Amino acid sequence: SAVADRISSDTDALRSAAGRCEWAAGDVRRILTSLVDGLDSLGDVTGDDEGGRAFATDHDAARDRIEGALRNLIGCAEGMAEGFEAAADNLERAERASTVRRAS
């Protein structure tokens, strides 16, 4: 049997998955914005004494890790969306290219 007989693709499903990834990226972006804005609105919560400075070191490092992780998650979701869209486009082009029309 030909390779084309063994390959199955659902470009609509790929495009739907791309949309869900874009939706997830948008949700995480809104969460990140809310988190950053909320923390920024609190101002300096650490104080300037020895305990406050020690807390600030841990707090700032944790905040940077969380923000970085959320930014990475957004990038991954957007990358997956682009990948699903590209796969759907490529499969559609391959399907069109593999279709041989008979001359009348």
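A residue counts as buried under 20% relative accessible area, as exposed over 50%, and as partly exposed in between. With a relative accessible area of 27%, glutamate 92 is therefore partly exposed. We will come back to glutamate 92 shortly; first, let us look at the chain as a whole, keeping in mind that this is a predicted model.

The overall plan is quick to read. The chain has three helices and zero strands, and from the N terminus on the elements run α-α-α. Two of these helices will carry most of our tour: α2, which spans residues 11-41, and α3, which spans residues 50-98. Of the 104 residues in the chain, 19% are buried. The chain exposes about 7800 Å², and carbon and sulfur atoms supply 54% of that area. The contacts have a clear long-range character: among those between residues at least 6 apart in sequence, 84% join residues at least 24 apart.

Let us start inside, with the nonpolar core. The largest one has seven residues, namely Ala25, Val28, Leu32, Val36, Leu70, Ile74 and Ala77. The elements that give two or more residues to this core are α2 and α3, with α2 supplying the largest share, four residues. Valine 28 is a good place to see how the core is put together. Leaving out residues up to four places away in sequence, valine 28 touches Leu70, Leu73 and Ile74. Two of those partners, Leu70 and Ile74, are themselves listed in the core.

Now turn to the charged side chains. How many salt bridges are there in the model? The count comes to nine, and a few of them are worth visiting one by one. Arginine 15 forms a salt bridge with glutamate 85, where the closest N and O atoms are 2.5 Å apart. Because arginine 15 lies in helix α2 and glutamate 85 in helix α3, this pair ties together parts that are 70 residues apart in sequence. Both partners have a relative accessibility of 25%, so arginine 15 counts as partly exposed and so does glutamate 85.

Here glutamate 92 returns to the story. Glutamate 92 also forms a salt bridge with arginine 15, with the closest N and O atoms 2.8 Å apart. This pair, too, links distant parts of the chain: glutamate 92 sits in helix α3 and arginine 15 in helix α2, 77 residues apart. Step back and you can see these pairs as pieces of a network of salt bridges that links Arg15, Glu85, Asp89 and Glu92.

A further bridge between the two helices is formed by glutamate 78 and arginine 29, whose closest N and O atoms are 2.2 Å apart. Glutamate 78 belongs to helix α3 and arginine 29 to helix α2, and 49 residues separate them in sequence. Glutamate 78 is partly exposed, with a relative accessible area of 32%, and arginine 29 is partly exposed as well, at 36%.

Glutamate 92 has one more partner to show you. The side chains of threonine 11 and glutamate 92 are joined by a polar contact of 3.3 Å. Threonine 11 has its place in helix α2. Is threonine 11 buried or exposed? Its relative accessible area is 16%, so threonine 11 is buried. Apart from neighbours within four places in sequence, threonine 11 is in contact with Ala88, Leu91 and Glu92.

Finally, follow the chain to the loop between α2 and α3, where valine 45 is found. Valine 45 is partly exposed, with a relative accessible area of 47%. Together with Leu42 and Phe55, Val45 makes a nonpolar surface patch of about 300 Å². Glycine 52, by contrast, lies in helix α3 and has a relative accessibility of 6%, so glycine 52 counts as buried. What does glycine 52 touch, not counting residues up to four places away in sequence? Its contacts are Thr46 and Gly47.

Conventions: Residues numbered from 1 in each chain as written. Predicted model: local features only at pLDDT ≥ 70, side-chain atom pairs only at ≥ 80, totals over all residues. Heavy atoms only, no water. Patch = residues over 30% accessible without salt bridge, like charges linked within 9 Å, V, L, I, M, F, W, Y side chains within 5 Å. Areas by Shrake-Rupley, 256 points an atom, 1.4 Å probe, with all protein chains shown as cover. Salt bridge = Lys/Arg side-chain N within 4 Å of Asp/Glu carboxyl O. Buried < 20%, exposed > 50% of the residue type's maximum accessible area, 1.4 Å probe, protein only. Polar contact = N/O pair within 3.5 Å; in protein donor to acceptor, adjacent residues only side chain to side chain. Contact = heavy atoms within 4.5 Å. Core = buried A, V, L, I, M, F, W, Y, C linked by side-chain atoms within 4.5 Å.
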